Amino acid sequence: TESYGCDSFVESWNDRLRDALSSCDGAADSCAEPASCPRVVGLDESSRGFFPLSLCNANDYVDQRVVLVGDAAHRVHPLAGQGVNLGYGDVRELTDTMIAAVSEGQDVGSLHHLENYESKRLRHVLPTMAAIHGLKHLYGTSSVPATLLRSLGLQLTNASKDIKAGLMQHAMK
C-alpha cells in the first residue's frame, strides 16, 4: 500500500496523542462508537444535565472521493473554542487542494490530492488537539505547582505581543 503525504512528524504526533488519550479516564471516546455519545431522550425543566468533555480524531480523513471535515474528522474539548476554527481550516485547505487539482487538470477526488490535504490538516490538528487536551488537564487540577505554572503562563502570554500573535495565528489556520 502506498502512502501519500504521511511522514514521521504526523506519525509521531498521532502516537503521542493516542498515548495521552489512552491514559485518560474515558476522555478518549471513540468516534466510531455512536453509543458512547450522550443522547437526550427527554427534558425536565427542573433537571440538569451535562455532556462529558471528549476528544477524538478519525483514523483517516480521506479515502477515494471521500473527505471528512470539521467534527466528522476531529472533535475537541470546547475549552479553547477551537472546534469551529479547526473546521474552517479544513474547508480552507480542502478548497485550496481542490483548486490545485483543477488547475493541474487532475481529478479533485483523487487519493493523491486528498492525502495531501489530510497530511496538511494533521500537521495542524494534532498539535492543536494535544494543546487543548493539555489545557484541560492543567486547569483540571488544583495542585500548587500546576496553579503556579498556569498563572505564570497566562501572565507571560498576556505580556508578550509576539506570543499572543503566534497563538492567534495558529488558532486561525
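Let me begin with a definition: helices here are DSSP runs of H or I with at least four residues, strands are runs of E with at least two, and both are numbered from the N terminus. With that in hand, hello everyone, and a quick reminder that what you have in front of you is a predicted model.

Let's start with the overall layout. The chain has five helices and four strands. Reading from the N terminus, the order is α-β-β-β-β-α-α-α-α. The chain counts 173 residues, and 30% of them are buried. For those of you who like contact maps, take the contacts with a separation of 6 or more: 65% of these join residues 24 or more positions apart.

Now to the pocket, which I suspect is what many of you came for. How much space lies in the largest pocket? The answer is about 570 Å³. Its lining is made of 19 residues, and the ones closest to the centre are A80, A131, I132, L135 and L167. Which helix gives the most to that lining? That is α3, with six residues. Helix α3 covers residues 111–139, and α3, α4 and α5 each supply at least two lining residues. As for the chemistry, the lining has twelve nonpolar, five polar and two charged residues.

Let me stay with two of those helices, α4 and α5. Helix α4 spans residues 144–159 and helix α5 spans residues 161–171. Their axes come within 5 Å and cross at roughly 95°. Crossing angles from 65 to 115 degrees count as roughly perpendicular, so α4 and α5 are roughly perpendicular to each other. Who meets whom? On the α4 side we have L156, T157, N158 and A159, and on the α5 side K161, I163, K164 and L167. By class, this contact has four nonpolar, two polar and two charged residues. You may recognise L167 from a moment ago, as one of the residues closest to the centre of the largest pocket.

Next, please find L79, in the loop between β4, residues 74–75, and α2. Is L79 buried, partly exposed or exposed? Its relative accessible area is 49%, so L79 counts as partly exposed. Leaving out residues up to four places away in sequence, L79 touches L53, I132 and K136. The pair L79 and I132 is a nice one to click on: the two are 53 residues apart along the chain, and their C-alpha atoms are separated by 7.2 Å. I132 is also among the residues closest to the pocket centre.

Let's move along to H113, which sits in helix α3. H113 has 8% relative accessibility and therefore counts as buried. Setting aside residues up to four places away in sequence, its contacts are T97, A101, E104, Q106 and D107. One of these partners, Q106, lies in the loop between α2, residues 83–103, and α3. Q106 has a relative accessible area of 45%, so this residue is partly exposed. Again without neighbours within four places, Q106 is in contact with A101 and H113. A101 therefore appears in both contact lists, that of H113 and that of Q106.

My last stop is R65, in the loop between β2, residues 62–63, and β3, residues 66–67. What is the sign of phi at R65? Phi is positive there, about 65°, although R65 is not a glycine. With 55% relative accessibility, R65 counts as exposed, because the cut-off for exposed is over 50%.

That's my tour, and thank you for listening.

Methods
Residues numbered from 1 in each chain as written. Predicted model: local features only at pLDDT ≥ 70, side-chain atom pairs only at ≥ 80, totals over all residues. Heavy atoms only, no water. Axes fitted to C-alpha atoms, helices over the stretch in contact; angles between N-to-C directions. Parallel < 35°, antiparallel > 145°, perpendicular 65-115°, else oblique. Contact = heavy atoms within 4.5 Å. Nonpolar A, V, L, I, M, F, W, Y, C, P; charged D, E, K, R; others polar. Buried < 20%, exposed > 50% of the residue type's maximum accessible area, 1.4 Å probe, protein only. 1 Å grid on protein atoms, 1.4 Å probe; cavity = no way out; pocket = protein on both sides within 12 Å on 5 of 7 lines; lining within 4 Å. Points joined across faces, edges and corners; volume = space filled by probe spheres on them.
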